[in-house]
Amino acid sequence: MGSKHTNELTYDAQQCSPGSSSQAFSVVNVLCFLVFWLCIINAWAVVLSACFQARALTAQTAETDAIRFLVGTQSLKFDNQIHIIDFDDENNMINKSVLLHDAGEIWHISGSPADKAVLTTCYSKSEFCVCVSCRPASESRVLTCAAVWRMPPEWESGNHESPDDSSNNPQTLELLCHLDNTAHGSVACVLWEPMGDGKRLISLAENHVLLWDLQESSTKAKVSTATLEGKGQLKFTTGKWSPHHNSTQLATANDTAIRGWDLRSMSQIYCIENAHGQLVRDLDFNPNKQYYLASCGDDCKVKFWDVRHINEPVKCLEEHSHWVWSVRYNHSHDQLLLTGSSDSRVILSNMVSISSEPFGHLVDDDDLSDNEESQQEDKGKEPLQDSIIATYEEHEDSVYAVEWSVADPWLFASLSYDGRLVINRVPRALKYRILL
Amino acid sequence: MSSATTPPDSDPSQRRRVHSMLKHYYGLNEEGKVTEQAESLDPCDINGPHFDPEVYLNKLRMECSLGELMDHESCMVKQIRFINFICLSTDTIRKMKNDFKKMEDEMDCLSANMAAITEFSAHISGTLQDQHAQITKLSGVHTLLRKLQFLFELPARLNKCLELQAYAQAVSAHRRARCVLQQYSHMPSFRGIQDDCHVIMEQLAQQLRQKFRDGGSSAKDLSECVELLLQLDEPAEELCDKFLSHAHSSTTNPFLSPTAGTDILEFIDRGCNEFVSSLCLVIASYQELFINRPQEGELASKNIPEMANGKLHVFVDTLAARYFSLVERRIQEEKGVSDNSLLVRALDRFHRRLQAISKLLPGSAVPSQGTEIVVRAARERIKQYLSALQTFYHDSLTDVRQALAAPRGATSKDATPSLPELLTSLSNFILNQLKSVLASVHLFTAKDITFSNKPYFKGEFCSQGVREGLVVSFIKFICQSSRQYCESAGDRGGSTPPALLLLLSRLCLDYETSTISYILTLTDEQFLVQHHTPVTPVTALCAEAREAAQKLLNHYVKVQGLIISQMLRKSVETRDWVNTIEPRNVRAVMKRVVEDTTSIDVQVGLLYEEGVRKAHSSDSSKRTFSVYSSSRQQIRYAPSYTPSAPMDTNLLSNIHKLFSERIDIFSPVEFNKVSVLTGIIKISLKTFLECVRLRTFGRYGLQQIQVDCHYLQMYLWRFVSDENLVHFLLDEIVGSAAHRCLDPSPMEQSVIEVICERG
């Protein structure tokens, strides 16, 4: 059952009694399970905790063996948590561990590319000041801060118990350093240097780009900043550090525009005005094509840009029926594109025409026997078309984050606001088509 | 008296008597007569030899009565007369006998004489023979001498001819002498003459050529010239070439300067009159000169007509090509689409005149090329009409736009037309324009136009040109440009006024339902289109129009939703929800939202039907609201009071979602008002929800949201098809706000109601 993709699992789940598949949902309590079993038979799903909303999702970037996702919760009333979701590919099981994140509700989370125990979060903390100087009513201020954390080393060893236990006795994250942004305002997101040594960070605060150098795992130094110029209150909503050009470029989004920055000079290198009709929600760089960029936004569109020709998008998808909040290229096969939207859908698209493998996967001739070669030729005759591979409708609420697994390129997770995390597989037929 | 009394004989005996008397007279003796002679010794027998008249008379006087005497006398008279006659004849015959004999003798004499004469004559001719031969010889010498004299005089004569410009004489003279001179050219004297002649003829030819080249001469002169030159062994090809080049300059010269400013008909007229007619003239005279002339002598062997014909074709083709290029350039300049009849008439004339060439020059490609030009012009014309229609469409849309923009600034509503009026006027404008264009194009196929019965104009022009190229393309263009409004406006922030989108959507829908089929039927009827090639079916066009209408309406919903969304979003994003004061009023934004929604409702209601709603009671607003809010209070706010059991709400919410249908926010709408409004409200409220989820609220922030949502609930339900939808979304908004609230203590329902009713 290990390599079966979702459709086949559906079949199995329908065949089997509810009890047999219950092990996949072992982290869910019985009530929740009932609800979920009714609607989620296509995929592995987990609810973090019934009372938590969640927006922040990341794959554990440095972890290349286990399929692991990190989810940060949003709650104003309770201590927030970071849920570590492990997917056991062999047994089709989901394991969940919980770490306490008591600083505040998590808006963004991101794992270090070098140390799998290190992560950053952007969290908002409401400060109640009930001092006399303030107004009699409780005056409060909400500020989003960012910090680098380390997971306690023990979480992995002894935390595979039932969820009820973990919620009872969760471990707390260890603060490595606070990325002080009081001078610049709320942080929208924190980005790690892609493929870096886990020392360099960028935080986007209001209209500033802040580049941080971590030293000795604790102290920090702000190297330089770039400021977004323009009329009115411009504010970065999101950004992405380009893995190309020796990690010297950054793309940010503010309102409807996408801007590119050179980190060496901290200056703007391009600006796609009106990239989307409305707010740009997310960006992602094609991991294999250095000038290609995908963006999504409130106009329900996903656009692909060649940053050398910014007047027109290379391609435009309009499949979602509401705002698109997240877009992600597959790390290995950049024709696979994942988008999550507040229409509660996740869409997996196959954008062959603008991928780095427009004619399918290139295989060395040495590896092929004659037989295989002829098959290859047959395949060459019918090139894959750009298409929607699948629309996943397991979510009941807006999907704010989607993420590919680092360890298994055929696996991805999506997170909806109601705290439901769904793990899906790329359909096996497509997988083989891409591979062969 | 005596004769008169001769007694009449009885008939048979009397006749026999006469016979015998004759026999007797001629001495013919028969045996029987001897007896008779013997018997007639009687003196009274009048026939006997012994007749005695005295006796006889006496006897008669004695014997006969007077009557008998009378009879006898008459009989006697008759007999006497007969006898007299006989006597006379006998005399004559006897005389003739004698004469014949005499004549015979004379004849003999004559023949003897003749023989003598013949003899003499032979003798004479024998003697004259020699002299005759001599005379013949002499006359031969005489002619020869005359010929020689002609020859010797030839140069002088030729010179004289040359002086007098009597070329024809000169040439005929030379032609006569040429052979002889050629034959005896070995003799020096003849050689001299020949050379002289040669020089002179050369000169003559030169002059002829000169004359030929000058071209000032009339056609007759020219043809004479050519004929003479041909007789002078001038190469026919060269002549053809020269003739043609001469003709070339003469035909094209006046035509080389196409003056601008003249209208096309005038231009074509000029072209026809000057170029085509002179070309025809040239062709005719050329054919007369080189092709149709009788073949004679050595000229026949050279096969001149074939060569000349080829040359003529080339000549005509090149000239025609130049002419055509000019005409085409001129036709291309004909951009104005106001009056098509002029062009059609011009083309007709053009085509008609070219037929003359086809008559003159049967194998020529010129007429067919001309037809092609006409076809091209017609095609071009259709394209121009299409673009004119498109421009017209754009212009009328601009007008509509201005009319739509006007009411905001205008003072009175009566002055500016309402949406339905605009729609009808726009659609009528377009239809009328299309009809007039069809009428203009129809001129191409009018019966009195010569080219209208060409296969192109019968078939392809009607089906491919007019129907597909004009009508279908125009309809497609309308759909396409409508779709473009959806695309361009979406990215650039709604440059198109929403009302225009709505109007266009209705226009496209009207097209789908009736106008397209009407237009196409009209076209088919007018042009009697026979579809040889597959044409776009009405259904496909209708589908396209419907698609465009759908897209426009969807876009309208999107744009209007976006406008309201933006208001809501700004109102949520810019406010500090944590540190807000206790709500006293519904926020102005919400009132604005309701106002805008109402005006949209009115706007859509002008063009689209009401549509169906799910049934609800007339007092739905209040009743549902209380149920809604009470249920919400029970379910939604449970966590704030009982934090220990947070599971329930979420579970219930999940279950609720599970059994409610998924809401597609930007989903296609139906062609009715309720559906449109539902779409707009969905989009707006969903935006509200998402914005709320991104904010953090204080206690009063939540309460303000409660108030706002209640206000929306009060007014928005009436616009949508299913009020539960509004309930659900507002429920979600308040629920999310509660989740995002630092101090979730909701406001009393009664207070909310009071605030909303006051506001």
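Colleague: Which residues is B:V374 in contact with, leaving aside its neighbours within four places in sequence?
Modeller: In this predicted model, B:V374 is in contact with B:L347, B:F350, B:H351, B:F451 and B:F457. Contact here means heavy atoms within 4.5 Å.

Colleague: How far apart are B:V374 and B:H351 in sequence and in space?
Modeller: They are 23 residues apart in sequence. Their C-alpha atoms are 7.4 Å apart. B:V374 itself belongs to helix α12 of chain B, residues 366-409.

Colleague: Why does B:V374 count as buried?
Modeller: Buried means under 20% relative accessible area. B:V374 has 0% relative accessibility, so it counts as buried.

Colleague: What about B:I117, and where is its place?
Modeller: B:I117 is in helix α4 of chain B, residues 66-164.

Colleague: Why is B:I117 called partly exposed?
Modeller: Partly exposed is the range between under 20% and over 50%. B:I117 has a relative accessible area of 47%, so it is partly exposed.

Colleague: Which residues form the nonpolar patch on the surface with B:I117?
Modeller: The others are B:M96, B:F100, B:M103, B:M107, B:L110 and B:M114. With B:I117, they have about 710 Å² of accessible area together. A patch residue needs over 30% relative accessible area. B:I117 has 47%.

Colleague: What makes a set of residues a nonpolar core?
Modeller: The members are buried residues of the nonpolar kinds, joined through side-chain atoms within 4.5 Å. The largest such core here has 188 residues. B:F444, B:F461 and B:F688 touch the most other members.

Colleague: Which residues is B:F461 in contact with, beyond its neighbours within four places in sequence?
Modeller: They are B:A378, B:I382, B:V441, B:F444, B:T445, B:Y456, B:V466 and B:F527. Apart from the largest core lies another, of 16 residues. Among them are A:L99, A:A103, A:A147 and A:W149.

Colleague: Why might nonpolar side chains be found together in a core?
Modeller: In soluble globular proteins, nonpolar side chains tend to be buried together.

Colleague: Now the charged pairs. How do you know that B:R94 forms a salt bridge with B:D91?
Modeller: The cut-off is within 4 Å, nitrogen to carboxyl oxygen. The closest N and O atoms of B:R94 and B:D91 are 4.0 Å apart. The pair counts as a salt bridge. Both residues lie in helix α4 of chain B, 3 residues apart, about one turn of the helix.

Colleague: Are B:R94 and B:D91 buried or partly exposed?
Modeller: B:R94 is at 47% relative accessibility, so it counts as partly exposed. B:D91 has a relative accessible area of 43% and is also partly exposed.

Colleague: What makes A:R281 and A:D298 a salt bridge?
Modeller: Their closest N and O atoms are 2.7 Å apart. The cut-off is within 4 Å, so the pair qualifies.

Colleague: Why does this pair tie together parts that are apart in sequence?
Modeller: A:R281 lies in strand β19 of chain A, residues 280-285. A:D298 lies in the loop between β20 (292-297) and β21 (302-306), so the pair ties together parts that are 17 residues apart in sequence. Both A:R281 and A:D298 are buried.

Colleague: What does the UniProt annotation say about residues 273-308 of chain A?
Modeller: An unreviewed UniProt entry annotates them as "repeat: WD". In the model, the span is 0% helix and 47% strand. Its end C-alpha atoms lie 14 Å apart.

Colleague: How do you know that A:R68 and A:E63 are buried?
Modeller: The limit is under 20%. A:R68 has a relative accessible area of 6%, so it is buried. A:E63 is at 4%, so it counts as buried too. Their side chains meet in a salt bridge at 3.1 Å, N to O.

Colleague: Which residues are linked in a network of salt bridges with them?
Modeller: A:D86 and A:K116 are linked with A:E63 and A:R68. Over all chains, a search of the whole structure finds 31 salt bridges.

Colleague: How many helices and strands does each chain have?
Modeller: Chain A has 7 helices and 29 strands. Chain B has 24 helices and 0 strands.

Colleague: What share of each chain counts as buried?
Modeller: In chain A, it is 58% of 436 residues. In chain B, it is 44% of 759 residues.

Methods:
Residues numbered from 1 in each chain as written. Chains lettered and ligands numbered in written order. Predicted model: local features only at pLDDT ≥ 70, side-chain atom pairs only at ≥ 80, totals over all residues. Heavy atoms only, no water. Buried < 20%, exposed > 50% of the residue type's maximum accessible area, 1.4 Å probe, protein only. Patch = residues over 30% accessible without salt bridge, like charges linked within 9 Å, V, L, I, M, F, W, Y side chains within 5 Å. Areas by Shrake-Rupley, 256 points an atom, 1.4 Å probe, with all protein chains shown as cover. Helix = DSSP H or I, 4+ residues; strand = E, 2+ residues; numbered from the N terminus. UniProt positions renumbered as here; feature names shortened; annotations may be inferred.
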